[in-house]
Amino acid sequence: MAHNRSRLVATAAAGAVLLGLTTSAAQAAGPREATAGLYAFIGSGGGQESVAIENQLWSQPEHVAHRTPAHPGWSIHLSDETVGAGLPKQNIRANAGQGETYETFAWTRGFISLVDGSSVGTPFLVFRFGGDNVVCEGLVGYEVPRLFVRKANGELYEATDLTKPAVAEYVTSADSAAIATAGTVTVEAKRVTSAAQIAAYGPFAKYATRERVRTDGFELVLTHKDAATGTPKTHRLLAGAQAVSC
């Protein structure tokens, strides 16, 4: 496949800068572009972090984003088999660009784990990416998504119906580095099918102004109650999402 330029987007606070970019009317239709997001995270306080690629193939055994200002109570692991719910060993992979068969394409492969400070050493959430290869001509192929959540006994259990919220138990507060806080996180998995659904995430903001866009992937909406105040807080995680402008 031919690639005309490469760009790896790995942002934390910079995500907010990406959201501030504007596109002129003359660029509204835009060039043919493709973005594959390994993940993009928006914390309850608005902080963003993401790992995404444009017009390149990216593959490595695993990737770990330890606690950051966007997610101070959690670390994010990509294709880390030690916290992968027994899923088969596989590289985290993403590809986006223009090729010989399809003019514009994007896809991702792998799984993501969210790890807190629990002494059981098990992530409280594992999600295997699910979705199609997104191309301008349509959607090709299909990966079955799988969601696992940790229960009170410290074990991971698979959520068999992704149309219903799943509950992870005894997790560390997402807004504190303290590891003693316990609670629950409700996880809702929503299929991404339009640019409007992903425009809030830095790497995908530009697609909001494009005339013809195809997208796919999942957004995980995580809601937990603050241990001190009982106030619900919501975090959003875009996992294995792709977008192409045609």
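**Gly117**

I looked up Gly117 and placed it in the loop between strand 9 (111–115) and strand 10 (125–128). The model I am reading is a predicted one. I then asked whether Gly117 is buried or exposed. Its relative accessibility is 16%, and because buried means under 20%, Gly117 counts as buried. I also checked the distance to Trp74, which lies 43 residues away along the chain. The C-alpha atoms of Gly117 and Trp74 are separated by 7.4 Å.

**Ser75**

I turned next to Ser75, which I found in strand 6 (residues 75–78). Ser75 counts as buried because its relative accessibility is 10%. Its side chain is joined to that of His77 by a polar contact of 3.0 Å. Which residues touch Ser75 once neighbours within four places in sequence are left aside? I listed Ala65, His66 and Arg67, together with Ser113, Leu114 and Val115.

**Ser44**

I located Ser44 in the loop between strand 2 and strand 3 (48–54). At 32% relative accessibility, Ser44 counts as partly exposed. I noted His71 as well: Ser44 and His71 are 27 residues apart in sequence, and their C-alpha atoms are 9.0 Å apart in space.

**Disulfide search**

I searched the whole structure for disulfides and recorded 1. The disulfide is formed by Cys136 and Cys246, with their sulfur atoms 2.1 Å apart. The pair links distant parts of the chain, 110 residues apart. Cys136 sits in the loop between strand 11 (131–135) and strand 12 (138–143), and Cys246 in the segment after strand 18 (232–245). For the handedness of the link between Cys136 and Cys246, I read -100° about the S-S bond, which is left-handed. I entered both Cys136 and Cys246 as buried.

**Nonpolar cores**

I looked for the largest nonpolar core and found that it has 40 residues. Which residues have the most contacts inside this core? They are Tyr39, Ile112, Leu125, Phe127 and Leu222. Strand 2 (residues 33–42) supplies the largest share of this core, with 5 residues. Another core lies apart from it and has 11 residues, including Ala40, Ile42, Ile198 and Leu238. I recalled that in soluble globular proteins, nonpolar side chains tend to be buried together.

I followed up Phe127, again leaving aside neighbours within four places in sequence. Phe127 is in contact with Phe111 and Ile112, with Pro145, Arg146 and Leu147, and with Phe218, Leu220 and Ala239.

**Strand 15**

How do the side chains run along strand 15 (residues 166–169)? I found that they alternate: Ala166 and Ala168 point to one face and are buried, whereas Val167 and Glu169 point to the other face and are not. I checked the pairing of strand 15 too, and strand 16 (residues 184–191) runs antiparallel to it over 4 bridges. Within this pairing, Thr186 in strand 16 is the residue opposite Val167.

**Whole chain**

Last, I took the totals for the chain. The secondary structure comes to 2 helices and 18 strands. Of the 246 residues, 51% are buried. I entered the accessible surface as about 10,700 Å², with 52% of it belonging to carbon and sulfur atoms. For contacts between residues at least 6 apart in sequence, I noted that 63% join residues at least 24 apart.

Definitions and conventions. Residues are numbered from 1 along each chain as its sequence is written. This is a predicted model: local features need pLDDT of at least 70, side-chain atom pairs count only at pLDDT 80 or more; totals for chains, interfaces and linings use all residues. Side-chain values use heavy atoms; hydrogens and water are left out. A disulfide is a pair of cysteine sulfur atoms within 2.5 Å. Buried means under 20% relative accessible area, exposed over 50%, partly exposed in between (1.4 Å probe, protein chains only). A polar contact is a pair of N or O atoms within 3.5 Å; within protein, one must be able to donate a hydrogen and the other to accept it, and residues adjacent in sequence count only if both atoms are side-chain atoms. Contact means heavy atoms within 4.5 Å. Accessible areas come from the Shrake-Rupley method with a 1.4 Å probe; for residues, only the protein chains shown count as cover. A nonpolar core is a set of buried Ala, Val, Leu, Ile, Met, Phe, Trp, Tyr and Cys residues joined through side-chain atoms within 4.5 Å. Two strands pair if DSSP finds at least two bridges between them.
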